[in-house]
Amino acid sequence: MAAEERRIMAKNQKARHEYFIEETFEAGIELFGTEVKSIRAGTLSLKEAWCQIKDGELILRQMHIAPYEQGNIFNKDPLRPRRLLMHKREIARLFGKVKQDGYALIPLAVYFKGSLVKVEIALAKGKKLYDKREDAAKKDAKRQIDRAMKQH
(Lines give C-alpha, C1' and ligand atoms only; values in the text may rest on other atoms or scores of the structure.)
Protein backbone atom coordinates (compact mmCIF):
# COMPACT_ATOMS: atom_id res chain seq x y z
CA MET A 1 0.00 0.00 0.00
CA ALA A 2 1.44 3.36 -1.04
CA ALA A 3 1.91 6.04 1.59
CA GLU A 4 -0.94 8.53 1.39
CA GLU A 5 0.03 12.13 0.91
CA ARG A 6 -0.58 14.67 3.65
CA ARG A 7 -2.00 17.98 2.47
CA ILE A 8 -1.38 20.34 5.38
CA MET A 9 -4.16 22.91 5.69
CA ALA A 10 -3.03 24.70 8.87
CA LYS A 11 -0.05 24.69 11.20
CA ASN A 12 0.31 26.00 14.72
CA GLN A 13 3.37 28.22 14.21
CA LYS A 14 3.78 29.23 17.86
CA ALA A 15 3.57 25.71 19.31
CA ARG A 16 7.25 24.84 18.88
CA HIS A 17 8.24 28.26 20.25
CA GLU A 18 5.99 28.04 23.31
CA TYR A 19 6.41 24.34 24.18
CA PHE A 20 8.89 21.45 24.29
CA ILE A 21 7.28 18.75 22.11
CA GLU A 22 7.56 15.37 23.88
CA GLU A 23 5.43 13.12 21.65
CA THR A 24 3.09 13.55 18.66
CA PHE A 25 -0.12 11.70 17.84
CA GLU A 26 -2.54 11.57 14.94
CA ALA A 27 -6.26 11.88 15.66
CA GLY A 28 -9.36 11.99 13.54
CA ILE A 29 -11.80 14.83 14.07
CA GLU A 30 -15.59 14.92 14.12
CA LEU A 31 -16.76 17.61 11.67
CA PHE A 32 -19.86 18.67 9.76
CA GLY A 33 -19.91 18.84 5.95
CA THR A 34 -19.72 22.63 5.74
CA GLU A 35 -16.71 22.61 8.09
CA VAL A 36 -14.86 20.15 5.84
CA LYS A 37 -15.59 22.35 2.81
CA SER A 38 -14.33 25.38 4.72
CA ILE A 39 -11.12 23.51 5.68
CA ARG A 40 -10.62 22.55 2.01
CA ALA A 41 -10.77 26.28 1.24
CA GLY A 42 -8.04 26.80 3.88
CA THR A 43 -10.07 29.03 6.20
CA LEU A 44 -9.05 27.69 9.59
CA SER A 45 -6.72 28.76 12.39
CA LEU A 46 -4.99 26.86 15.20
CA LYS A 47 -3.57 29.99 16.82
CA GLU A 48 -5.41 29.74 20.16
CA ALA A 49 -6.35 26.04 19.98
CA TRP A 50 -5.80 23.53 22.79
CA CYS A 51 -7.03 20.06 23.73
CA GLN A 52 -8.85 18.87 26.82
CA ILE A 53 -9.77 15.41 28.07
CA LYS A 54 -13.29 15.41 29.50
CA ASP A 55 -15.35 12.31 30.41
CA GLY A 56 -12.91 10.03 28.58
CA GLU A 57 -13.20 12.04 25.35
CA LEU A 58 -10.56 14.21 23.72
CA ILE A 59 -11.96 17.65 22.86
CA LEU A 60 -10.30 20.27 20.63
CA ARG A 61 -11.18 23.79 21.76
CA GLN A 62 -10.73 27.25 20.22
CA MET A 63 -9.89 26.00 16.71
CA HIS A 64 -11.45 28.55 14.37
CA ILE A 65 -13.06 27.28 11.17
CA ALA A 66 -14.60 30.16 9.22
CA PRO A 67 -18.23 29.64 8.19
CA TYR A 68 -18.51 28.19 4.66
CA GLU A 69 -19.49 30.89 2.14
CA GLN A 70 -22.24 28.86 0.42
CA GLY A 71 -23.28 27.18 3.67
CA ASN A 72 -26.43 29.12 4.75
CA ILE A 73 -28.33 27.38 7.62
CA PHE A 74 -25.93 24.45 7.97
CA ASN A 75 -23.01 26.56 9.20
CA LYS A 76 -21.91 25.86 12.76
CA ASP A 77 -20.30 28.09 15.40
CA PRO A 78 -16.71 28.73 14.16
CA LEU A 79 -15.20 28.15 17.64
CA ARG A 80 -17.36 25.23 18.80
CA PRO A 81 -15.58 22.39 20.68
CA ARG A 82 -14.82 19.47 18.35
CA ARG A 83 -14.34 15.85 19.38
CA LEU A 84 -11.06 14.18 18.43
CA LEU A 85 -11.14 10.49 17.62
CA MET A 86 -8.52 8.24 19.22
CA HIS A 87 -8.54 4.82 20.87
CA LYS A 88 -9.69 4.79 24.50
CA ARG A 89 -6.33 3.34 25.61
CA GLU A 90 -4.43 6.19 23.95
CA ILE A 91 -6.73 8.79 25.52
CA ALA A 92 -6.32 7.17 28.96
CA ARG A 93 -2.53 7.21 28.57
CA LEU A 94 -2.61 10.88 27.53
CA PHE A 95 -4.88 11.69 30.48
CA GLY A 96 -2.31 10.15 32.84
CA LYS A 97 0.46 12.28 31.31
CA VAL A 98 -1.58 15.52 31.25
CA LYS A 99 -2.39 15.15 34.95
CA GLN A 100 1.35 15.43 35.59
CA ASP A 101 2.62 18.93 36.23
CA GLY A 102 3.28 21.13 33.22
CA TYR A 103 2.01 18.88 30.41
CA ALA A 104 -0.50 20.09 27.83
CA LEU A 105 -2.09 18.73 24.65
CA ILE A 106 -1.50 21.11 21.77
CA PRO A 107 -2.68 20.72 18.16
CA LEU A 108 0.29 21.14 15.77
CA ALA A 109 -1.35 20.75 12.36
CA VAL A 110 -4.59 19.97 10.53
CA TYR A 111 -4.22 18.04 7.30
CA PHE A 112 -5.99 15.84 4.79
CA LYS A 113 -4.92 12.21 4.62
CA GLY A 114 -6.72 11.00 1.54
CA SER A 115 -10.21 12.43 2.00
CA LEU A 116 -10.09 12.37 5.81
CA VAL A 117 -9.27 15.37 7.99
CA LYS A 118 -6.64 14.53 10.63
CA VAL A 119 -5.19 16.55 13.50
CA GLU A 120 -1.62 16.14 14.70
CA ILE A 121 -1.56 16.74 18.44
CA ALA A 122 1.47 16.90 20.69
CA LEU A 123 2.08 16.10 24.32
CA ALA A 124 4.04 19.19 25.26
CA LYS A 125 5.64 20.86 28.25
CA GLY A 126 5.51 24.65 28.51
CA LYS A 127 8.75 26.59 28.04
CA LYS A 128 9.88 29.20 30.50
CA LEU A 129 11.00 32.62 29.28
CA TYR A 130 14.70 31.74 29.63
CA ASP A 131 14.16 28.60 27.49
CA LYS A 132 12.67 30.76 24.74
CA ARG A 133 15.60 33.19 24.95
CA GLU A 134 18.06 30.28 24.78
CA ASP A 135 16.32 28.90 21.66
CA ALA A 136 16.38 32.34 20.04
CA ALA A 137 20.11 32.69 20.83
CA LYS A 138 20.87 29.25 19.31
CA LYS A 139 18.86 30.09 16.21
CA ASP A 140 20.68 33.42 15.85
CA ALA A 141 24.11 31.77 16.31
CA LYS A 142 23.27 29.16 13.66
CA ARG A 143 22.14 31.89 11.27
CA GLN A 144 25.43 33.79 11.80
CA ILE A 145 27.50 30.63 11.23
CA ASP A 146 25.56 29.86 8.02
CA ARG A 147 26.06 33.44 6.84
CA ALA A 148 29.82 33.25 7.56
CA MET A 149 30.11 29.91 5.72
CA LYS A 150 28.28 31.33 2.71
CA GLN A 151 30.68 34.29 2.39
CA HIS A 152 33.77 32.03 2.17
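**Notebook: helix H2, the sheet and Arg82**

I looked up helix H2 (residues 33-40) and found its buried residues to be Thr34, Glu35, Ser38 and Ile39; buried means under 20% relative accessible area with a 1.4 Å probe, protein chains only. They cover an arc of only 140° around the axis, so they sit on the same side of H2; the arc is that of the directions from the helix axis to the C-beta atoms. Helices (H or I, at least four residues) and strands (E, at least two) are DSSP runs, numbered from the N terminus.

This is a predicted model, in which local features need pLDDT of at least 70 and side-chain atom pairs count only at pLDDT 80 or more, while totals for chains, interfaces and linings use all residues. Residues are numbered from 1 along each chain as its sequence is written, and side-chain values use heavy atoms, with hydrogens and water left out.

I checked what the buried residues of H2 pack against (contact is heavy atoms within 4.5 Å) and noted S1, strand S3 (44-45), strand S6 (64-65), S7, S8 and S9. Just after H2, I noted a positive phi of about 80° at Gly42.

I then traced the open sheet: 7 strands in the order S1-S8-S9-S2-S7-S5-S4, with antiparallel pairing (two strands pair if DSSP finds at least two bridges between them). Strand S1 (6-11) and strand S4 (50-54) are the edges, each pairing on one side only.

Last, I looked at Arg82, which is found in strand S7 (residues 82-85). Arg82 is buried, at a relative accessible area of 1%. Among its contacts beyond four places in sequence I listed Glu30, Glu35, Met63 and Asp77.

Technical notes. Buried means under 20% relative accessible area, exposed over 50%, partly exposed in between (1.4 Å probe, protein chains only).
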